[in-house]
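Trainee: I am new to this structure, and I would like to look closely at one part of it rather than at everything together. Please take me through the pocket, and then through a helix that can be followed from there.

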Amino acid sequence: MIPLTAADDALVEKWKQLAQRSIEPNPYHDPRFLVTSARHRKDAQSLQLAIVERGTEVLAVMAFSIGAAFAKGRVRALSTTGPFMDQIGDLRNPLISPDNPVETWQCLLTGVRRFRLPGLLRLDNLPGDGPLSATLREAIAQLQIPILEQAHDERAFARRPQKASEPSPLFTLDHSSSGTRKHRARLLLALQRELGSELRIVDRSADPEAVEQFLDLEASGWKGQAEKGGHALRLVGHDQWFAEVAAAFRADGKLVVLALTDELNNIVYMTVGFKAGDGVFGCLDAYDERFSAYSAGTFGRIAEWKHIVGGLGADFFDPNLSSYYVDSTRLYPDRRPHETLLLAHGGMLARTIIRLVPAVRRARTGLGAARRRLRR
């Protein structure tokens, strides 16, 4: 276990290899994101790394901070969420090697016991299906660790079709209703008439100027206005940090920057994402608010995922989008379960807390029901 700020070049190289091989990729647990962030942001410098090694190989990396185990109360836990990790989206699963993942999980969960840290571990927003979830559950069962599910979500996702078929037009969603498709077709026609040309998606991933243009586009709308609650990266002073993170991914061919433009290269929408494993993960996007009446952001997001699983040939696209954003979620054809788990990896006190929580919840539910009956 080391501070994030202590990660040296040798560790970073082995960590990058793990990031590509991990049974569940996550660019936000990648050194290109975390190590670069620690150079620019104080809120990232407090992160700790729990690392599982075998010889010279890194088998697991989990970045964590110490925070509240529950929304109310003073119980503390190791947590994969926190002030920095909450900044961009909420994909926080640790990286686990495909080599003996159950044993790796066991080593990670039992290894942190050796340090004088809280005995609870909050694993935030883990994929609820796939090999990461299955191997974690098996390790928990073998170690007999008490576990509590704190949250569950069905998140937007887009998989590359398994069967070859005639692709639909770039801005058409086959899973939408016919009425929605007709409405979008009218908006698209109106937008292209306003622009005087058809829209196209352009890959700007290799262009160092593309991220600067994205930062300008983001700051040009309401996000660049503090009085409207804006939080554009240029406004809050995080633009240099983001540019350096993007440059770190670009240097290794892991950056994805797409622009929706007209034939004269006037930008309507831009998006920045990261490659990890066999997929691409969304990070940030922005659109020219002069075209908001035409749903420019909607067309940008549709073109983004269709180009990524079609033109780029990625196995999947994860937009890094909570189901809270209902309208945006509908733009993606698939869903994937995610869950937040609280584990008692520590001693008797931590295990007792986990076992008592369901009983306390039942008691509160019963008390609430009794009070409602009395009011009647």
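Mentor: The lining of the largest pocket, sorted by class, consists of 20 nonpolar, 19 polar and 11 charged residues, and please keep in mind as we go that this is a predicted model. The lining has 50 residues in total, and those that lie nearest the centre of the pocket are Lys-223, Asp-285, Arg-301, Leu-321 and Tyr-325. The space inside the largest pocket comes to about 1400 Å³. Among the elements that each supply at least two residues of this lining are helix H6 (178-195), helix H10 (296-309) and helix H11 (326-329), together with H7, H8, S10 and S11.

Some of these elements lead us to helix H9, since what covers the buried residues of H9 includes helix H7 (208-220), helix H8 (233-236), strand S10 (267-276) and strand S11 (279-287), as well as helix H2 (31-40) and strand S9 (255-261). The residues of H9 that are buried beneath this cover are Trp-241, Phe-242, Ala-243, Val-245, Ala-246 and Phe-249. To read such a pattern, it helps to know that an α-helix has 3.6 residues a turn, so residues three or four places apart point the same way.

The length of H9 can be checked as well: its 13 residues, 239-251, should span 18 Å at 1.5 Å a residue, and because its end C-alpha atoms are 18 Å apart, the two values agree. After H9 comes Gly-253, which has a positive phi, near 70°.

Conventions: Residues numbered from 1 in each chain as written. Predicted model: local features only at pLDDT ≥ 70, side-chain atom pairs only at ≥ 80, totals over all residues. Heavy atoms only, no water. Helix = DSSP H or I, 4+ residues; strand = E, 2+ residues; numbered from the N terminus. Expected span 1.5 Å × (residues − 1). Buried < 20%, exposed > 50% of the residue type's maximum accessible area, 1.4 Å probe, protein only. Contact = heavy atoms within 4.5 Å. 1 Å grid on protein atoms, 1.4 Å probe; cavity = no way out; pocket = protein on both sides within 12 Å on 5 of 7 lines; lining within 4 Å. Points joined across faces, edges and corners; volume = space filled by probe spheres on them. Nonpolar A, V, L, I, M, F, W, Y, C, P; charged D, E, K, R; others polar.
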